Amino acid sequence: MIEIERLSATQAQPLLAALCDVLQGCVADGASVGFIDADDRAAIARFWQDKIYSLASGDSQLLVAYQQGVIVATVMVGFSAMPNGRHRAEISKLLVHPRARRQGIARRLMQQAEQLAAAQGKTLLVLDTRSGDVATDLYLSMDWQIAGSIPMYAESTEGVLDATTVMFKVLR
């Protein structure tokens, strides 16, 4: 059974190692999520520490999925700090540990993230994903639209420069 929970900074801090495990597993599996070295645990921990700080400041919110009491997936909803962007949010770090994939967890997290953003009065969501990744199919099936792509956007774990696809969804 999968349980989804929104974590505050106070709740997330003691779960830092579990959050790092999910990110590290995804990077080791070749995910394009900002990291190229799955063994650089210090960089991964710094990333999550920064995200926990953004939870405390209210700049973002974190949803996690538990399976048998263990965090196996995450998604972040980031809120624009600029006055002209108060209507939008960015979805990031939709991560599902390789051992927990193909169970509908990513879809459930995305649905919850969209609901969370809507509850905060957001009317536009944006994200980017490596062009050609299976995640694109998930987003398209959830009524996201492709805005375009940017070539040579991010280095992969194999050292190749991959394009990214920018997507959006208008919340009604």
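## Asp-133 and Arg-130

Asp-133 is partly exposed, as its relative accessible area of 23% lies above the 20% under which a residue counts as buried. This value, like all others in this report, comes from a predicted model. The partner of Asp-133 in a salt bridge is Arg-130, and the closest N and O atoms of the pair are 3.0 Å apart.

Arg-130 has a relative accessible area of 14% and is therefore buried. The two partners thus fall on either side of the cut-off: Asp-133 is partly exposed, whereas Arg-130 is buried.

## The network around Arg-130

Arg-130 also forms a salt bridge with Asp-162, with 3.4 Å between the closest N and O atoms. This pair links distant parts of the chain, since Arg-130 belongs to strand β5 (residues 124–130) and Asp-162 to strand β7 (residues 161–170), 32 residues apart. Both Asp-162 and Arg-130 are buried.

Through these contacts, Arg-130, Asp-133 and Asp-162 are linked in a network of salt bridges. The structure holds five salt bridges.

## The salt bridge between Asp-29 and Arg-101

Another of the salt bridges joins Asp-29 to Arg-101, and here the closest N and O atoms are 2.5 Å apart. Asp-29 is placed in the loop between α2 (16–28) and α3 (41–57), and Arg-101 in the loop between β4 (88–96) and α4 (105–119), so the pair ties together parts that are 72 residues apart in sequence.

Asp-29 counts as partly exposed, at 46% relative accessibility. Arg-101 is likewise partly exposed, with a relative accessible area of 30%.

## Surroundings of Val-70

Val-70 is found in strand β3, which covers residues 70–79. Its relative accessible area is 39%, so Val-70 is classed as partly exposed.

When residues up to four places away in sequence are not counted, Val-70 touches Ala-65 and Arg-99. Lys-93 stands 23 residues from Val-70 along the chain, and the C-alpha atoms of these two residues are separated by 18 Å.

## Fold and dimensions

The chain has five helices and seven strands. Read along the sequence, these elements follow the pattern β-α-α-α-β-β-β-α-β-α-β-β. Of the contacts in the chain with a separation of 6 or more, 60% are between residues 24 or more positions apart.

For 172 residues, a compact globule would be expected to have a radius of gyration near 16 Å, and the 15 Å of this chain agrees with that value. Along the principal axes, the C-alpha atoms fill a box of roughly 40 × 40 × 30 Å.

## Surface and charge

Among the 172 residues of the chain, 43% count as buried. The chain exposes about 9100 Å², of which carbon and sulfur atoms supply 50%.

The chain carries 16 positive and 18 negative side chains. The centres of these two sets lie 8 Å apart.

Definitions and conventions
Residues numbered from 1 in each chain as written. Predicted model: local features only at pLDDT ≥ 70, side-chain atom pairs only at ≥ 80, totals over all residues. Heavy atoms only, no water. Helix = DSSP H or I, 4+ residues; strand = E, 2+ residues; numbered from the N terminus. Rg over C-alpha atoms; globule rule 2.2 N^0.38 Å. Buried < 20%, exposed > 50% of the residue type's maximum accessible area, 1.4 Å probe, protein only. Contact = heavy atoms within 4.5 Å. Areas by Shrake-Rupley, 256 points an atom, 1.4 Å probe, with all protein chains shown as cover. Lys, Arg positive; Asp, Glu negative; His and termini not counted. Charge placed at Lys NZ, Arg CZ, Asp CG, Glu CD. Salt bridge = Lys/Arg side-chain N within 4 Å of Asp/Glu carboxyl O.
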